[in-house]
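Biologist: I'd like to learn how to read a model like this one. Could you walk me through it, feature by feature?

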Amino acid sequence: MNTPMTALPHPARFRRLSGPAGIGLLLALAYGLVPLVAGDYLLEAILTPFLALALAGLGLNLLVGYAGLLSLGSAAFMAVGAYAAFNLSLRVPGLPLPAAFLGGGLAAAAAGLVAGLPALRLRGFYLAVSTLAAQFFVAWALNRIGWLSNDSPSGVIGAPRLVLAGWSFEDARGRYAVSLVVVSLLTFAAWRLVRSPTGRDLVAIRDQETAARIVGVRVARTKLLAFALSSFVVGVAGVLWAFAYLRTVEPAGFNLDRSFQILFIVIIGGLGTLRGAFLGAGFIVVLPLVLSRLGAALLGDGFDSGTLEMVQRIVLGALIVAVLIREPAGLSALLDRLFTRLFDRPRRVPA
Amino acid sequence: MSPDVSFFVEVVVGGLLSGVMYALVAIGFVLIYKTSGVLNFAQGAMVLFAALTFVSLVERGLPVPAAFAATLAVMALVGLAVERAVLRPLVNQPPITLFMATLGVAYVIEGAAQLAWGTQVHALDLGIDDTPLEFGGVLVSRFDLVAAAIAGVLVAVLTLFFHTTRTGLAFRAVADDPLAALGIGLRLPRIWSAVWIASGVVALVAGLLWGARLGVQFSLSLVVLKALPVLVLGGFDSIAGAIVAGLIVGAAEKLAEVYLGPVIGGGIEGWFAYVAALALLLVRPAGLFGRRSVERA
Amino acid sequence: MPRTTPIRALLAGAALLALGAGASAAEQYFPLQSYRVGPYAAGGTGFFGGFIDYLNLVNSRDGGVNGVKLTWSEGETQYEVERGVEVYERLKSRPGIAAWNPLSVGIAYAMIDRITADKVPLITINDGRTDSTDGRVFPYVFPLLLNPYSETSGIVEYLAGREGGLDRLKGKTIAVLYHGSPYGKETIPIYDLLAKRYGFKVEQIEVPHPGNEQQSQWLAIRRLKPDYVVLRGWGVMNPVALKTAQKTGFPAGRIVGNVWSNSEEDVIPAGESAKGYVAITTQASGAQYPVIQEIVRAVYDKGAGNLADRKRIGSVYHNLGVLNGILNVEAVRIAQERFGHRTLTGDEVRWGFEHLRLDEARVAALGAKGLFHSINVTCANHEGEGRVTFQQWDGAKWTVVSDWIKPDWATLRPIIEASSTAYAKEHGLTPRDCAAEERADAQSGKRAAADIK
């Protein structure tokens with residue numbers, strides 16, 4: 001394989017969606033309308049996990065989509081973030097919540113740095129499989145070292161309450177708000193990053209490592225930086241997942257399936273685009289729920305939920321394959337094409 | 001032999017025999033990766049599907065040879081269908097897209113397997129007596145010996161196939177240089193089809209042997225996690241590498257668990273194989289037998 | 001308990017219904033976070049199948065509980081925590097929820113805060129958090145019949161019985177093979193404690209998840225030469241343990257399984273190597289009990305049975321589901337005697353669970369003599385002193401091989417209270433004063449009874 005793992009043709013026209021107006025509209029919706037009209041179920045059971053997983057996807061996309069380094073250990077970095085934040089808020093009395101989030105992210109970044117070391121020698125699937133070492137080692141360590149879960153006999157720990165400066169964010173709206181603010185901030189930071197010189201270095205080592213080296217990109221340093229930055233974002237997503245959504249922290253929730261799920265989000269959404277993570281998370285989180293509601297509505301409440309689930313699994317798998325075949329560059333490219341077709345028809349250039 | 005020495009031998013032999021079982025799963029990956037550069041994560045689902053189909057047919061009263069033949073046909077069809085419906089439309093896409101597509105295929109196969117045959121667990125009795133054999137105080141599992149022999153036969157058949165038949169030769173040509181192979185008029189799609197059928201057959205053999213070890217149930221698809229470190233170590237594209245790496249990984253993880261486990265805490269098998277493979281890779285970046293040029297940074 | 005004639009009860013129920021907070025038709029609803037797909041589907045289909053079968057039986061035989069119809073719906077979780085939470089959030093606003101029964105430790109943990117805020121009981125029969133036995137700190141959580149600590153004690157008592165007394169355990173060696181997860185590790189300190197107390201040697205060996213490869217662990221056991229091996233397994237780890245035991249020459253008859261290693265699904269895949277294996281249970285298996293026979297007649301013969309395969313009627317998970325149904329329905333019944341024959345609130349059903357006392361006579365009247373022994377839940381003890389028995393697998397079915405054994409609750413209680421007190425402190429909770437609650441309750445209970453009359 002001489003082609004890079006993840007290089008993709010890059011459609012550059014998504015002005016409409018990511019232009020200031022589009023972003024403003026999206027933010028107004030997310031901050032203004034949604035909390036007003038959405039019920040508890042939508043906020044707490046769909047939007048909060050959606051935001052956490054989208055953030056994890058965003059973080060992984062920095063690594064896979066921008067730097068071209070494949071990782072299967074995202075769930076482990078989520079776990080490191082969640083456990084670090086838990087221990088910080090447990091052992092440092094009075095630590096404000098944002099500091100716990102930050103600490104979780106930093107711990108995950110450190111773990112990412114170590115797990116990224118093989119990237120200096122390996123590429124492609126060899127690197128991907130080697131990140132599984134991190135995946136399984138973290139799960140083992142969290143289970144084995146009792147101190148990390150405060151010696152809880154059952155190993156499952158409760159997340160601290162979401163209270164900031166006397167304000168409680170414990171209800172559905174509050175949990176959504178916390179997630180939204182964290183995700184907005186980090187998305188903005190990621191947006192700045194990919195447009196910075198560092199961001200261009202990442203893309204350079206993805207597209208042509210040797211050339212990048214020649215023009216003076218410090219490849220080793222940039223690769224490790226990619227791992228650290230990506231793991232930071234993924235770690236914060238882990239804190240959100242545990243604190244804002246599940247409210248418990250246990251190693252089993254951060255298993256290999258979660259890593260694959262996040263990778264799915266990135267690839268289905270679109271590699272190397274920031275909005276891809278959100279589109280992908282929407283696909284992976286919301287679609288199964290829609291499918292199962294649809295199935296239940298068609299077949300009635302009493303229908304065997306197992307059969308329904310299996311059909312749903314088949315449909316989901318087929319849809320993933322279909323999206324990849326129809327648009328290997330992911331949903332964001334699909335969306336671009338749609339927009340182009342809707343608005344830019346006269347200006348469209350033949351491919 | 002002193003008890004300590006014979007215990008050590010027992011651990012090593014047990015590990016080597018387990019390693020053959022890992023290699024058996026790894027070969028399924030290698031066949032496909034070698035020709036099309038796809039890390040086929042649906043291999044685990046195919047192993048599950050094969051074992052479940054076989055055992056369900058037997059339980060429905062089909063004689064064993066007939067059930068075996070039927071499952072063989074089904075697996076060949078599954079392999080062919082995956083190649084036609086999924087991989088061929090995705091040809092020339094980046095490897096990671098192909099990888100994700102095989103994960104989607106894994107969902108479909110797992111769902112279909114359970115929908116067709118139910119979620120019950122089954123025993124799979126291959127008629128191999130599993131009372132241990134004793135050689136000078138060292139216990140050796142009879143089943144594992146038979147399994148190792150079957151794996152050996154499978155490897156021999158595959159090797160013969162690749163070295164003596166025309167298709168096999170074409171296969172090797174494609175693996176060596178797809179463009180050149182295309183240039184001299186080899187029909188790539190036909191070779192891909194052949195390889196996917198072969199991987200379906202390997203999945204059946206792995207499914208039956210692992211199914212007899214674990215029982216036939218959903219967790220059977222998790223055996224791929226045992227195969228991945230073997231692949232890293234042996235190289236994704238070498239059958240011989242898979243065998244040798246399987247033996248190394250099997251013996252190393254057992255020795256680590258038994259002798260290192262009590263020191264740093266037990267249950268390290270889950271990650272030890274990966275770390276060991278990684279350590280070796282830092283010395284030899286393309287694995288033991290993998291082609292050097294490709295994946296080096 | 002007030003004696004009420006059915007008519008009077010109905011009248012009272014109707015009156016309360018008219019007054020009640022707009023409750024719909026008299027229905028009591030059970031939301032089910034079931035798992036019928038994925039690695040643990042076999043357990044899920046059995047358990048939730050049995051639960052639904054019993055609810056069906058009560059509806060078709062008795063027309064519900066005192067005229068209150070039982071309803072339910074399922075949400076598939078695949079045993080995954082976040083799916084369980086999603087199902088909770090989706091179904092929690094439905095009217096007349098009696099109790100949640102996830103049969104998953106992970107999902108149960110994620111629900112503790114939620115159900116406590118929503119004031120609905122959470123039933124974790126045979127599993128769940130050990131310290132939630134202390135109802136003073138966990139008012140809404142009920143680890144009915146058995147928690148991990150009493151399971152450990154029950155197993156040690158049984159092994160002592162096989163040796164001929166607790167004093168005979170001295171000098172024996174027991175190896176515990178546990179699943180590498182929080183669940184598996186939970187009993188490590190209890191085995192250590194009991195080993196010290198009774199003078200046996202215990203060696204605890206971890207099997208990494210999922211447990212499909214155990215050669216090294218069983219070689220370590222072979223070197224240790226223990227008198228017994230206790231299997232604290234989960235899923236595929238169990239049949240692989242039995243197979244590998246055979247491979248390394250350890251007899252199945254000296255392996256004892258815990259409550260998640262005790263089902264047909266754990267032994268069938270192991271084939272011949274499981275013959276003679278013994279495992280703990282809170283409910284005997286088999287279809288010969290009157291209540292199971294009634295289910296066969298009233299539910300399955302009418303084509304309304306939940307299990308796809310009738311052969312699984314009376315299996316371990318199915319009987320556990322039926323037993324779980326009995327306990328839930330009886331809690332509702334007991335609460336109805338106190339609050340009226342109508343749709344109850346979650347908090348009222350909690351009261352019912354806290355007064356769930358089924359002695360052997362009542363168990364027999366329910367058609368469950370021999371299926372399980374008895375239960376005695378109180379405000380402070382949410383486990384309810386469940387007894388355990390042991391069954392041996394003969395290659396085709398389980399046969400009971402012991403009496404109903406009492407775990408050593410007195411020894412365990414202080415450890416449980418230490419843990420629950422720490423939890424209360426961590427979460428800023430004040431434990432309830434059970435004695436005072438009982439007194440106040442008796443007062444208002446009399447008044448309520450007078451009102452009903």
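Biologist: Where is C:Asn381 found?

Modeller: Helices (H or I, at least four residues) and strands (E, at least two) are DSSP runs, numbered from the N terminus. C:Asn381 sits in the loop between β11 (375-376) and β12 (389-393) of chain C. Before we go on, this is a predicted model, where local features need pLDDT of at least 70, side-chain atom pairs count only at pLDDT 80 or more, and totals for chains, interfaces and linings use all residues. Residues are numbered from 1 along each chain as its sequence is written, while chains are lettered from A and ligands numbered from 1 in the order in which they are written.

Biologist: Is C:Asn381 buried, exposed or partly exposed?

Modeller: We count neighbours: a residue is buried if 20 or more other C-beta atoms lie within 10 Å of its own, exposed if 12 or fewer, and partly exposed in between, with C-beta atoms placed from the backbone. C:Asn381 has 18 other C-beta atoms within 10 Å, so it is partly exposed.

Biologist: And which residues does C:Asn381 touch?

Modeller: Two residues are in contact if their C-beta atoms, placed from the backbone, lie within 7 Å. Not counting residues up to four places away in sequence, C:Asn381 touches C:Thr133 and C:Gly135. Its C-alpha atom is also 8.3 Å from that of C:Arg136, although the two are 245 residues apart along the chain.

Biologist: Let's try a helix residue. What surrounds C:Pro148?

Modeller: C:Pro148 belongs to helix α5 (residues 148-163) of chain C. Because 27 other C-beta atoms lie within 10 Å, C:Pro148 is buried. Leaving aside neighbours within four places in sequence, C:Pro148 is in contact with C:Thr130, C:Glu186 and C:Thr187. C:Gly184 is 36 residues from C:Pro148 in sequence and 9.6 Å away in space, C-alpha to C-alpha.

Biologist: How do I read a whole helix, such as α3 (residues 40-66) of chain A?

Modeller: Start with its length: the expected span is 1.5 Å times one less than the number of residues. Helix α3 of chain A has 27 residues and reaches 36 Å from first C-alpha to last, close to the 39 Å expected. Next look for a bend, the angle between axes fitted to the seven residues ending at a residue and the seven starting there. α3(A) bends by about 35 degrees at A:Leu60. Of its 27 residues, 24 are buried, so α3(A) is largely enclosed by the rest of the structure. After α3(A) comes A:Gly68, with a positive phi near 75 degrees.

Biologist: How many residues meet where chain A touches chain B?

Modeller: There, 40 residues of chain A are in contact with 41 residues of chain B. On the chain A side, α13(A) gives the most, with 13 residues. For class, Ala, Val, Leu, Ile, Met, Phe, Trp, Tyr, Cys and Pro count as nonpolar, Asp, Glu, Lys and Arg as charged, and the others, Gly among them, as polar. That side of chain A divides into 29 nonpolar, 7 polar and 4 charged residues.

Biologist: What does the contact between chain C and chain A take from each?

Modeller: That contact takes 27 residues from chain C and 23 residues from chain A. On the chain C side, the largest share, 6 residues, comes from α3(C). By class, this side of chain C has 7 nonpolar, 9 polar and 11 charged residues.
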